[in-house]
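Trainee: I should like to work through some residues and elements of this structure with you. May we begin once the sequence and structure are displayed?

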Amino acid sequence: MKAKITLAKEFKIGEIDNRIYGSFIEHLGRAVYGGIYEPGHPTADEDGFRQDVLDLVKKLNVPIVRYPGGNFVSGYNWEDGVGPVENRPTRLDLAWNTTEPNTFGTNEFMKWCKKANSDCMMAVNLGTRGPEEARNLVEYMNHKGNSAWSDLRKAHGYDEPWGVKLWCLGNEMDGRWQMGAKTATDYGLIANEASKMMKWTDDSIETVLCGSSSRNSPTFGQWEQTSLEIAYDSIDYVSLHQYYGNHDDDTPSFLARTLELEEFIYTVICVCDYVKAKKRSNKTINLSFDEWNVWYHSNNAPHKPWDYAPPRLEDIYNFEDALLIGAMLITLLRHCDRIKIACLAQLVNVIAPIFTQTGGGIFKQTIFYPFEHLSNFGKGVALNPIINCPKYDCKAFTDVPYLESIATYDEENEELVIFCVNKSQEDGAVIDVNLLDFEGYKPKEFISMDGYDKNAENGIDNPFVKPHLNELPTMENSVATVAVKPFSWNVIKFGK
């Protein structure tokens, strides 16, 4: 098929906040124990952190990691995970029906973040606990000293404050599965008080209000409106969560889910701006898309109650999952003027781009690569390309563009990068890329993932689904001709 992409510097959407390439670690399955933390593993360092995991996390260039949940946080006593390990209690985690030994806790996670070159996005328990416990944690983490909680941190061996700047006010508090689930009014009241008290403790922090657990929630929209009307003045962001799956083996509809994602994002922005107008406020609430991914392969996996770190939600991703992840990242960047934070859920083993064997090896899942490309190359500002390409109809949607694309422009480093998914399983595309005002820019690198069966997977012994380099596109005057393969993920880098 023939297609055309037109780009200009004036097509600016907004500055890209690097936190849009964040991720998530929860006390769930083998994300912590056997994932990032495994004392005795051949690669473990002096703190018990797997170095092979840290190496891949650094390749992903994740600037921020949400912790410790997730559903887990709604029943978590943060005090259980600090202090001498031998004195920490073992608890039953009702969120995931497992046993939590608390050998890994808040300070361990902060040490891990430093080694991973990441910041922490800390979540507080507003399910079974409240504003007092939340502000105590801020004091423990961020206050320099001469107070009860900061002095306790010092007694635990951490003299300097951690300085956590971003805080989640609970998790999915509209969900009936959540410990301490609340109505929108009740949640808005407790979140407002928690955020106030947390900011009174440290006025440099930002807070994230829980939005609906998904756009399919029966209270979606009304939940955001009600809680925002109560807490608008004290919070900074509203959260969104969304997972997709291909349960019906309908690939065209699966890859078209970004149309639904667009509508979801647009609706939440509209609700935020409605409340802003109703309150006659000068403050704009931005979005934190702090859970997103493909998740369905492991939904029916059996598990034994009260096990310690059992394998849970261990999706093994295939090639078509990688294409949707790329398209979802493109969609997030299309709204980077309002989406400032996003967290791929999760980072290791649990619906994750990195997969380990406990005591053994490690491999990159198929979804690792689009994320790696965006987080490393998608810098500066996002540009909205004008795309002319054929469209298709499917069971779930009509008028779906075969090509999904975004461009990023790093003016300081004089680099323009185009990211593109071709959703057609049969047809490649010859794309004329017209660079209207990028004088002197030429193709520098062309990376793609293509030629794989849609169900192709990676594993410890067969990590074969991965990107490769292509010949550079030809260029005449300001037009580059790029030939992309059917069913492919593509990264085309231009520079002076």
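Trainee: Which residues does F109 touch, not counting residues up to four places away in sequence?

Mentor: The model is a predicted one. F109 has its place in helix α2, residues 106–116. Leaving aside residues up to four places away in sequence, the residues that F109 touches are I25, I36, V65, Y67, F104 and C120.

Trainee: Does F109 count as buried or exposed?

Mentor: The cut-off for burial is under 20% relative accessible area. The relative accessibility of F109 is 0%, so F109 counts as buried.

Trainee: How far apart are the C-alpha atoms of F109 and Y37?

Mentor: Along the chain, F109 and Y37 are 72 residues apart. In space, the separation of their C-alpha atoms is 9.4 Å.

Trainee: What span should helix α9 have, and how far apart are its end C-alpha atoms?

Mentor: Helix α9 comprises 16 residues, 319–334. At 1.5 Å a residue, the helix should span 22 Å. This agrees with the distance between its end C-alpha atoms, which is 23 Å.

Trainee: How many of the 16 residues of α9 are buried?

Mentor: Helix α9 is largely enclosed by the rest of the structure. This follows because the number of its 16 residues that are buried is 15.

Trainee: Which residue caps the N-terminal end of α9?

Mentor: A side-chain oxygen of the capping residue lies 3.2 Å from the backbone nitrogen of E320. The residue that provides this oxygen is N318.

Trainee: Which residues form a nonpolar patch on the surface with L92?

Mentor: L92 lies in strand β5, residues 91–93, and counts as exposed because its relative accessibility is 53%. The patch has about 320 Å² of accessible area together. Its other members are L94 and W306.

Methods:
Residues are numbered from 1 along each chain as its sequence is written. This is a predicted model: local features need pLDDT of at least 70, side-chain atom pairs count only at pLDDT 80 or more; totals for chains, interfaces and linings use all residues. Side-chain values use heavy atoms; hydrogens and water are left out. Helices (H or I, at least four residues) and strands (E, at least two) are DSSP runs, numbered from the N terminus. Buried means under 20% relative accessible area, exposed over 50%, partly exposed in between (1.4 Å probe, protein chains only). Contact means heavy atoms within 4.5 Å. The expected span of a helix is 1.5 Å times one less than its number of residues. A polar contact is a pair of N or O atoms within 3.5 Å; within protein, one must be able to donate a hydrogen and the other to accept it, and residues adjacent in sequence count only if both atoms are side-chain atoms. Patches are made of residues with over 30% relative accessible area and no salt bridge: like charges are joined within 9 Å, nonpolar side chains (Val, Leu, Ile, Met, Phe, Trp, Tyr) within 5 Å. Accessible areas come from the Shrake-Rupley method with a 1.4 Å probe; for residues, only the protein chains shown count as cover. A salt bridge is a side-chain nitrogen of Lys or Arg within 4 Å of a carboxyl oxygen of Asp or Glu.
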